[in-house]
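User: Hi, I've just opened this one and I'm a bit lost. Please help me find my way around.

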Amino acid sequence: MSESNTLSVATHVGDDVQRVDDTAKLTGGAMYASDLVFAGMLHAQVKKSPHARAKIVAINTSKAENLPGVHAVLTGKELDYRIGLYVVDKDILAKGAVRHFGEAVAAVAAESLDIASRAVDLIDVEYEVLPPVLSQLDALDESSPLVHPDLGSYDYVKASFSPQPGTNIPNITKIRKGDIDAGFAEAKWIIEREYTNPSVQHVPLETHVAIVEWKAADEVTIWSSAQSPFTLRDLFCRAFKLPYNKVRVIIPHVGGAFGGKAGIHLEPLLACLSRKAGGRPVKFQATREEEFSLLPCRSALTYRIKTGVGADGRITAQKLLMYWDAGAYADYAVNVTRASAYSAAGPYDIPNAWVDAYTIYTNKPWGTAYRGFGHVEFFWGLERHMELVAQVIGMDPLEFRKKNLLKPGSTTLTGERINEHTGNPLKCLEAAAKAINYGRLTPEEEERQARTGRRIGKGIATLHKAPAMPSFTTTAAVIKMNSDGSVVVNIALTEIGQGTATVVTQMAADRLRFPVSRVKVAVERDTDKDPFDWQTVASKGLLLTGNAVIAACDDLLRQAYSDAAQVLRAQTADLDHDAERIFVKQRPEESVTFAALSIGYVYPNGNGIGGPLIGLGRYTAQGLTSLDKETGQGLPALDWTYGAHGVIAEVDPDTGEYKVIKIASAFDVGKVINPGTMRGQCIGGMIQGLGTAECESYIYDDQGRLLNPSLTDNKILTAKDLPEEIECIAVETPQLDGPFGARGVGEHPMISVAPALANAIHDATGAELTHMPVRFEDVWRAIHNKQPIDTWVTKAPADS
Amino acid sequence: MNDIFKYRAPTSRAELFGLLAAHGEGAKILAGGTDLLVDIRSGLVRPELVINLKKVEDFSDLTWSQSEGLTIGPATTVNDLLHDAKVRDCYPLLADCALTIASHQLRNRATVIGNIVHASPGADMAPGLLCLGARVQIASQRGRREVPLKNFFTGVKRTVLRHDEIVEAIIVPPGTAWSRGSYRKLKRIDGHDLALVSVAVTNKDGAVRVGIGSAAPIPLLIEGLTDQDPADTVVAAARDVIRPISDLRCSKEYREYMIEVFVRRSLEEVR
Amino acid sequence: MWMSVEVNGHIYEREVTEHWTLLRFLREDLELTGTKDGCSAGECGACTVMLNGQAVNACMVLAAEVDGATVETIEAEAANGELSEIQAAFARNYGVQCGYCTAGMVMSVRELLRHNPKPTVAEIKEGIEGNLCRCTGYQQIIEAVLDVSGQVTNETKGGLKYV
Ligand SMILES: Cc1cc2nc3c(=O)[nH]c(=O)nc-3n(C[C@H](O)[C@H](O)[C@H](O)COP(=O)(O)OP(=O)(O)OC[C@H]3O[C@@H](n4cnc5c(N)ncnc54)[C@H](O)[C@@H]3O)c2cc1C
Ligand code: FES
Ligand code: FES
């Protein structure tokens, strides 16, 4: 009972334990929000803007209102609420103006989907179309139209963000470390380049869906595919000024989320429709097309990196300028900016650094959290840059990286000192490089190259990420014993596929010394019944919730021991337990079973003592601070997970077509809790990363209309697109405050896959790629020194 | 599917033709539905009546004879074609084209004729069928007519079909059976995707034909070449007829380049 | 239209909405919600079901078309509360994450194994090409298919490596 969290006896932890939620999912029995139907339920549909920027001159809803079966029609005019995570800048329905293609301008709730669709068609909106600002660099121009002329009047989280009224900038994050001028003065080489990536979609297989019921006396119930029930409730209650105990959020099974379902999305609109429809539940599921622009995406980024390198190959200074395209609303983008700023140099030791990271409004669908939280985007530029710098200074890219990696004693951009427990980026990099035989071609590869006429190249890239979360992020777990001695664990971390329920089962079982079969982790979430958790984001779940679960187990055991001490006429110090019983150490035959204690012990004569055994555990991130607004110094990182990828690619030197032969990735996870689920997370992320690298991107016309809101023209990878070989490697440098020594790895596999791929293509062909995604045509252009295509605004018509 | 329409499934030609004649433009034929239902959902097509032709007797026939060649019926699916031993034997090129269409479960529904009638510039069955000299047999209450496939397409998603007509069969003549053929398709990913460009090349006893997709409003056919022609001549002939555009899938320049590469490589393969 | 269809061994006689797809009919009329809607456009395969013994995208079939036909969905895959061999192999090999693609995946694997009891990796990839999965990266699903077709060897057995 006195074990530290790190050293808890592991019998299930570290083993392949089958997922606890798979039977329901395999048989079709798992209920997702999209599967739910309630008596009296209405269906919502939304009228969307065909323009990127326009004044709303008039909306005529009378025909829709008169359609039989329609119960509520809403426009922005009658809704006086504003929503926003960090900067409160978004109306529930556009009021007076639209700010992006696909924005909601009116909504209907009707008895069937068919009627609702027809009603939406009957709504007439008169627009005065205005020229949109589409590129975030244009939006910085003083002459640019303002996406939010009222920015100065918006509420925002003052501790972390700095909106600039009168501009298109809802946040700037600055980091200052060392003396940047001195650092550049010291440098032998100074290399500056710019790297770009477009907006992309999360593409969870289940689109966003919610059902909301707003009954009399403000009793609100929300069923949603959301990731973060408590944050959803928080934002909802703040927008509508409702007491928290009036609003209940229930999260059934979630069909993938990847950050896109964090925060708040459809719920406020459906709530207003329900209220207007007399309290009937109102359901809406986005179509795949709506998922692209009625709901948010990942922000685009332009990253300018200027690096000074000394004669010995050590980086002396780095100036890092990030221009994040928030789209029309700040949402998570301001925090993506902040989290990316303090990670901006990667796992490298940069003595003198200067980061200015801007979040910029444009007239495009807005950016939100997406697996990696900015790191996929900026590591594209950073790890391409490391490759190009190595090329310029004539050093092997692996050596150059190794020379500059963080090591014990180094400090991060915000001044955090790295120690031997932080994790081992070198081990990850070496493992990934070794797995692809980096730096040479094997005889088989030589032979393959000769046979196919395609060129084989190899690339590596490193990565790191810490959870992006408030310094005081907290969570709780409750563990309740049933009368047969089995337990149910309640947490509010949402199971979105990542395997949380399974690893929590393992950790609880080990901490209690029970078999996993006696532990159930409830999969669905309910803010009325589950203990608080901030959000299911940021790869912080395993560490924070794991620690809370351990504390809850300890609390339950403490109660059980106390009751057992009474029953056995012993002191708790004299007691020990196994899976079934608590017993006196020196006389194990004197024992009482957990089942007998579970809901209060009953003596033979009928007297009862004790009571239901319910353990409570809490855990709050330890020792973190806000960042100084001028220098960015402080302690923002709960833990750093390091990793590296190695990629072998085969490129047709004529056409630019390529294929990934192998990807090998290593992550320092501290401790593997479940090899099977960890490998699943990793491979899933690696392939999602490859998709982002190879083909995914929003494409707009010059009026800001999205041209590819579908899986037809926004391709994601299929099984046929897998590399021939996929290797996933675990490094285990225990995290001192991690449960069983573990740290998170949910987002990391996706980060830096793109630059590893581009570095391999570069190695094969010399193609100097600086824009992601890397389509065949981009490689062809780079090889043949052709002008790159203007990538996120094409001038072509939508239909070809 | 938010648009309301009625559905009928006639079991005879007479009934089918009658429905078509009676409903005119408001009626749409449903074969596999993998184009039609997509178009209805997106609002591109708004039929009043959808007529499933798969219940008409003998419409799923796929037959071969030495005199007639291959006859593909209106309900013949892409997978029917792929699984047919005669097709694999006599027209392996058709199987190569068919295998690049969509995914396995879609190929269980998608018909060969639907692919042609939909008349997308990138329809994967078009370049191969063009090279193989396919003919389109058209039928209606008014009777039958036949047009060579190369005269069937009139524009993007437009053909010579009138509203009351159906394609009753596509006939691939025996003269081109056992051609050497090669099909290349440029996609954005390895998984299922529409053709950014596609090229089929056949060589039958020295006569070379080139079919090209996604390079003009309609699928193109180049005839009159021989396997003695230098590659440059064939490429020049292709360059003469293609009119590619830039769009969100790729640029005109890359389309032109890839067509040329594909023509050269496929030519090499069939020589 | 009035129709009769056999779904998972039960005969249903219903008035169907003629412009509805089979997917809507299954999910909304029959309340068989195991089959999922990921796009309604034939792209994702989440809606894959067996129609007269063949895998099809239920969003690309009109409900009215299945008059007189036999349909099988994920709800019939497990018999008597026991997972089928395919389902059990998915579970053993971590072939499920969020689960939204799972029903369609299982249907496609069933179709594949029916034609080809020992598919190669390339054939497995071809077989599930039409089923998008955003979570797993497909690898463990492919391993599940190798497993259920009795082809797991030390070489094909996937696993996490440690350094
Ligand atoms: C996800 C997805 C991927 C796809 N990928 C590809 C691809 O890679 N390559 C490709 O070429 N296509 C692709 N397609 C398009 C489509 O699957 C094919 O064109 C298919 O062959 C169409 O056949 P169908 O039987 O489904 O046509 P339907 O949709 O039934 O019909 C298509 C059109 O032809 C008409 N029609 C059909 N048969 C007749 C007839 N006998 N007489 C008169 N009119 C008729 C219909 O009225 C309709 O207008 C894809 C479609 C989807 C949804
Ligand atoms: S829902 Fe049918 S294929 Fe996506
Ligand atoms: S498990 Fe989530 S989409 Fe496949």
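**Cavities, sheets and domains**

User: Which bits of chain A each supply at least two residues of the lining of the second largest cavity?

Analyst: Those are β5 (90–91) and α7 (267–276) of chain A. Such names are DSSP runs numbered from the N terminus: helices are H or I with at least four residues, strands are E with at least two. Keep in mind that this is a predicted model, where local features need pLDDT of at least 70, side-chain atom pairs count only at 80 or more, and totals for chains, interfaces and linings use all residues. Residues are numbered from 1 along each chain as its sequence is written, chains are lettered from A and ligands numbered from 1 in the order written, and side-chain values use heavy atoms, leaving out hydrogens and water.

User: OK, and how much space lies in that second largest cavity?

Analyst: About 330 Å³. A cavity is a set of points on a 1 Å grid over the protein atoms alone where a 1.4 Å probe fits but cannot get out; a pocket is an open set with protein on both sides within 12 Å along at least five of seven lines, and lining residues have an atom within 4 Å of a point. Points are joined across faces, edges and corners, and the volume is the space filled by probe spheres set on them.

User: Which residues are closest to its centre?

Analyst: Of the 25 that line the second largest cavity, Lys90(A), Asp91(A), Ile264(A), His265(A) and Trp366(A) are the closest to the centre. By class, that lining has 14 nonpolar, six polar and five charged residues. (Nonpolar covers Ala, Val, Leu, Ile, Met, Phe, Trp, Tyr, Cys and Pro; charged is Asp, Glu, Lys and Arg; the others, Gly among them, are polar.)

User: Which domains does that lining draw on?

Analyst: At least three residues come from each of domain 2 (33–132 + 208–285) and domain 3 (300–469 + 625–795) of chain A. The bounds come from an automatic or database domain assignment.

User: How many cavities does a search of the whole structure find?

Analyst: Seven of 30 Å³ or more. The largest has a volume of about 720 Å³. Its lining takes in 41 residues, and nearest the centre are Gln498(A), Ser539(A), Gln681(A), Gly746(A) and Glu747(A). Two or more lining residues come from each of α14 (500–512), α15 (541–568) and α17 (675–694) of chain A. The largest share, three residues, belongs to α17(A). By class, the largest cavity's lining has 20 nonpolar, 16 polar and five charged residues.

User: What about open pockets, say the second largest?

Analyst: The second largest pocket holds about 890 Å³ of space. Among its 30 lining residues, Glu657(A), Lys185(B), Lys187(B), Ile189(B) and Asp190(B) lie nearest the centre. Its lining splits into 17 charged, twelve nonpolar and one polar.

User: Changing topic: in what order do the four strands of the open sheet in chain A come?

Analyst: β21-β20-β19-β28, with mixed pairing; two strands pair if DSSP finds at least two bridges between them. β21 (519–521) and β28 (614–620) of chain A are at the edges with a single partner strand each, so one side of each has no neighbour in the sheet. The twist averages 20° from one strand to the next.

User: How do β20 and β21 of chain A run?

Analyst: Parallel: three bridges join β20 (residues 487–490) to β21(A), and Val489(A) stands opposite Val521(A). Across β19 (474–481), β20 and β21 of chain A lies α14(A), at about 145° to β21(A). For such angles, axes are lines fitted to C-alpha atoms (for helices, over the stretch in contact), and values run from 0 to 180 degrees between N-to-C directions.

User: Now chain C. What is the order of its five-strand open sheet?

Analyst: In chain C the order is β2-β1-β5-β3-β4, with mixed pairing. β2 (10–15) and β4 (54–57) of chain C are the edge strands, each pairing on one side only. Here the twist averages 40° from one strand to the next. β3 (residues 48–51) and β5 (residues 70–72) of chain C pair in the antiparallel sense over two bridges, with Met50(C) opposite Glu72(C).

User: And which domains does chain C have?

Analyst: Domain 1 (2–76) and domain 2 (85–148). Their C-alpha centres lie 21 Å apart. In contact (heavy atoms within 4.5 Å) are 17 residues of domain 1 and 13 of domain 2 of chain C.

User: Any oddities in the backbone?

Analyst: A cis peptide bond joins Met772(A) and Pro773(A), with omega of about 0°. Pro773(A) sits in the loop between α18 (753–765) and α19 (776–783) of chain A. Asn437(A) isn't a glycine, yet has a positive phi of about 50°.

User: Why point those out?

Analyst: Because most residues other than glycine have a negative phi, and most peptide bonds are trans.
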